[in-house]
Structures are given as C-alpha cells and as structure tokens.
Amino acid sequence: MKDRELDEQYMRMALDEAERAGQIGEVPVGAVLVREDWVLARGHNRCIQLCDPTAHAEVLVLRKAGEALRDYRLKDTVMYVTTEPCPMCLSAMIHARISRLVFGTLEPKFGAVESRFNLLKENGLNHPVEVTGGILEKECVEVLKSFFKKKRGSKKAVRRVKPDRKEVTPHSELITFFFTSPILEKGF
C-alpha cells in the first residue's frame with residue numbers, strides 16, 4: 001500500500017473516533033497512534049465526559065499507548081488526528097518522541113503546527129517531528145462543521161422556546177454554591 005493510502009486508512013479510523021466524540025457531545029476530534037502498521041491506541045475528545053481539560057484525543061491516545069508499551073517514549077510512531085493539534089497536544093507528542101504527525105484540517109484558533117502557532121519551527125526543540133497535513137481534509141472539516149451547526153441550532157431552539165429564562169449551565173448551581181459557600185471564608 002502507498003503512503004497516501006495508508007495515511008487515508010488511518011485517518012478514516014481517526015474520523016470514526018471523531019464521530020464518536022460528537023455523538024456524546026464532545027468536540028469531534030479523533031486520533032490514532034500507529035507503529036509499523038499496528039494500531040497502538042485510538043481515541044477521541046473526552047474533556048466534558050471526564051471533567052478534564054487535558055482529555056484531548058491526542059493526549060488520551062498517548063496515555064493509552066504509553067501504558068500498552070510500558071514506556072512514555074513512543075519512538076517510531078505516527079499520530080493521525082483529524083484536526084491540527086493545539087500547543088498542549090503537540091508538546092505532549094514532542095515529549096513522547098513521536099516520529100510523524102498526520103492531521104486532517106487546520107485549526108485557526110489554537111492550531112500549533114501552522115495555523116495559529118508554529119511550534120515545530122522554533123529553534124531549540126530536542127526532537128523533530130515530520131508533519132503531513134490535509135489528509136481527508138474535506139471529511140475532517142465536514143465532521144466539525146456539522147457538529148457545530150447542530151450545536152448552534154439546538155441552542156437557538158432552546159432560546160426561542162424559553163426566552164425569559166436565565167441560561168443555566170450543567171454545573172451552575174454547584175459553582176454558585178462553591179463561590180458563596182462559607183468554606184471559602186474559612187480557607188479550606
């Protein structure tokens with residue numbers, strides 16, 4: 001199989017993971033880590049589900065692969081991710097020593113490879129990472145667009161039905177309790 005065909009095959013797996021994320025209300029980003037045509041780990045964003053801002057697809061996949069290999073150095077691996085990684089995820093990949101990063105679409109707000117930041121071109125990095133972008137780009141963009149279109153549509157529908165109600169987040173009562181609680185005054 002040619003490199004491009006392999007890249008597309010693994011990116012389709014990452015797209016499957018992105019779809020899973022979207023189904024549970026997470027931003028639809030999926031990732032797959034491969035070594036010598038073996039899938040070491042695959043996953044998707046789970047920040048909301050795990051109440052963990054670091055639970056990005058890439059980080060979760062690096063953790064799973066590290067556990068499977070019993071090593072935090074993931075040399076000679078290729079990370080496939082549907083969206084250009086953020087600075088946190090790219091830094092984790094550099095520390096893990098992945099060899100290559102393949103991503104689907106650019107991320108203009110937080111992309112750390114070429115969109116917003118260009119971390120791999122900085123001098124002084126101790127590990128080079130080869131990068132290929134734009135693999136199945138249209139499909140990766142479509143997954144994100146449809147997710148956010150659906151999300152915006154559902155918010156508009158809720159606002160139209162009950163325009164006089166105060167918008168409540170899932171944890172707003174807990175947050176209100178925490179910040180008005182005497183616990184803060186006592187300095188727990």
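Is Phe-148 buried, partly exposed or exposed, and what is its relative accessibility? At 29% relative accessibility, Phe-148 counts as partly exposed, because this class lies between the buried limit of under 20% and the exposed limit of over 50%. The legends below describe a predicted model.

**Figure 1. Overview of the fold.** The secondary structure of the protein comprises seven helices and five strands. Followed along the sequence, these elements give the pattern α-β-β-α-α-β-α-β-β-α-α-α. The protein has 188 residues, and buried residues make up 36% of them. Among the contacts with a separation of 6 or more, 57% join residues that are 24 or more positions apart. The close-up views that follow show individual regions of this fold.

**Figure 2. Helix α1 and its buried residues.** Helix α1 covers residues 3-23. At 1.5 Å a residue, the 21 residues of α1 should span 30 Å, and the end C-alpha atoms are 30 Å apart, so the two values agree. The expected span is 1.5 Å times one less than the number of residues, because it is counted in steps from one residue to the next. The buried residues of α1 are Leu-6, Asp-7, Tyr-10, Met-11, Ala-14, Leu-15, Glu-17, Ala-18 and Ala-21. An α-helix has 3.6 residues a turn, so residues three or four places apart point the same way. After α1 comes Gly-25, which has a positive phi, near 85°.

**Figure 3. Asp-7, a buried charged residue in α1.** Asp-7 is found in helix α1. With a relative accessibility of 4%, Asp-7 counts as buried, because the limit for this class is under 20%. Leaving aside neighbours within four places in sequence, Asp-7 is in contact with Tyr-80, Arg-100, Val-102 and Ile-135. Asp-7 and Thr-132 are 125 residues apart along the chain, and their C-alpha atoms are separated by 9.3 Å.

**Figure 4. The aromatic pair of Tyr-10 and Tyr-80.** A search of the whole structure finds two aromatic pairs. A pair of aromatic rings is described by the distance of the centres and the angle of the planes. The ring centres of Tyr-10 and Tyr-80 are 5.3 Å apart and the planes stand at 40°, so this pair is tilted. The pair links distant parts of the chain, since Tyr-10 belongs to helix α1 and Tyr-80 to strand β3 (residues 78-83), 70 residues apart. Tyr-10 counts as buried, at 4% relative accessibility. Tyr-80 likewise counts as buried, at 4% relative accessibility.

**Figure 5. The aromatic pair of Phe-147 and Phe-148.** The rings of Phe-147 and Phe-148 have centres 5.0 Å apart and planes at 80°, so the pair is edge-to-face. The angle decides the description, because planes over 60 degrees apart count as edge-to-face. Phe-147 is buried, with a relative accessible area of 12%, whereas Phe-148 is partly exposed at 29%.

**Figure 6. The largest pocket and its lining.** The largest pocket has a volume of about 810 Å³. It is lined by 30 residues, of which Val-27, Val-29, Glu-107, Phe-110 and Phe-148 are the closest to its centre. Three elements give two or more residues to the lining, namely α2 (47-50), α4 (87-96) and α5 (137-161). Helix α5 gives the most, with eight residues. By class, the lining consists of 15 nonpolar, six polar and nine charged residues.

**Figure 7. Thr-105 in strand β4.** Thr-105 lies in strand β4, which covers residues 100-105. At 6% relative accessibility, Thr-105 counts as buried. Not counting residues up to four places away in sequence, Thr-105 touches Thr-82, Thr-83, Glu-84, Glu-137, Cys-140, Val-141 and Leu-144.

**Figure 8. Two loop residues with positive phi.** Most residues other than glycine have a negative phi, and most peptide bonds are trans. Asp-37, a residue other than glycine, has a positive phi, near 65°. Asp-37 lies in the loop between β1 (30-35) and β2 (38-44), and at 53% relative accessibility Asp-37 counts as exposed. Leu-136, also a residue other than glycine, has a positive phi, near 50°. Leu-136 is found in the loop between β5 (130-133) and α5, and at 8% relative accessibility Leu-136 counts as buried.

Note on methods
Residues are numbered from 1 along each chain as its sequence is written. This is a predicted model: local features need pLDDT of at least 70, side-chain atom pairs count only at pLDDT 80 or more; totals for chains, interfaces and linings use all residues. Side-chain values use heavy atoms; hydrogens and water are left out. On a 1 Å grid over the protein atoms alone, a cavity is a set of points where a 1.4 Å probe fits but cannot get out, and a pocket is an open set with protein on both sides within 12 Å along at least five of seven lines; lining residues have an atom within 4 Å of a point. Grid points are joined across faces, edges and corners, and a volume is the space filled by probe spheres set on the points. Helices (H or I, at least four residues) and strands (E, at least two) are DSSP runs, numbered from the N terminus. Ala, Val, Leu, Ile, Met, Phe, Trp, Tyr, Cys and Pro count as nonpolar, Asp, Glu, Lys and Arg as charged, and the others, Gly among them, as polar. Rings of Phe, Tyr and Trp (its six-membered ring) pair if their centres lie within 6.5 Å; planes under 30 degrees apart count as stacked, over 60 as edge-to-face and the rest as tilted. Buried means under 20% relative accessible area, exposed over 50%, partly exposed in between (1.4 Å probe, protein chains only). Contact means heavy atoms within 4.5 Å.
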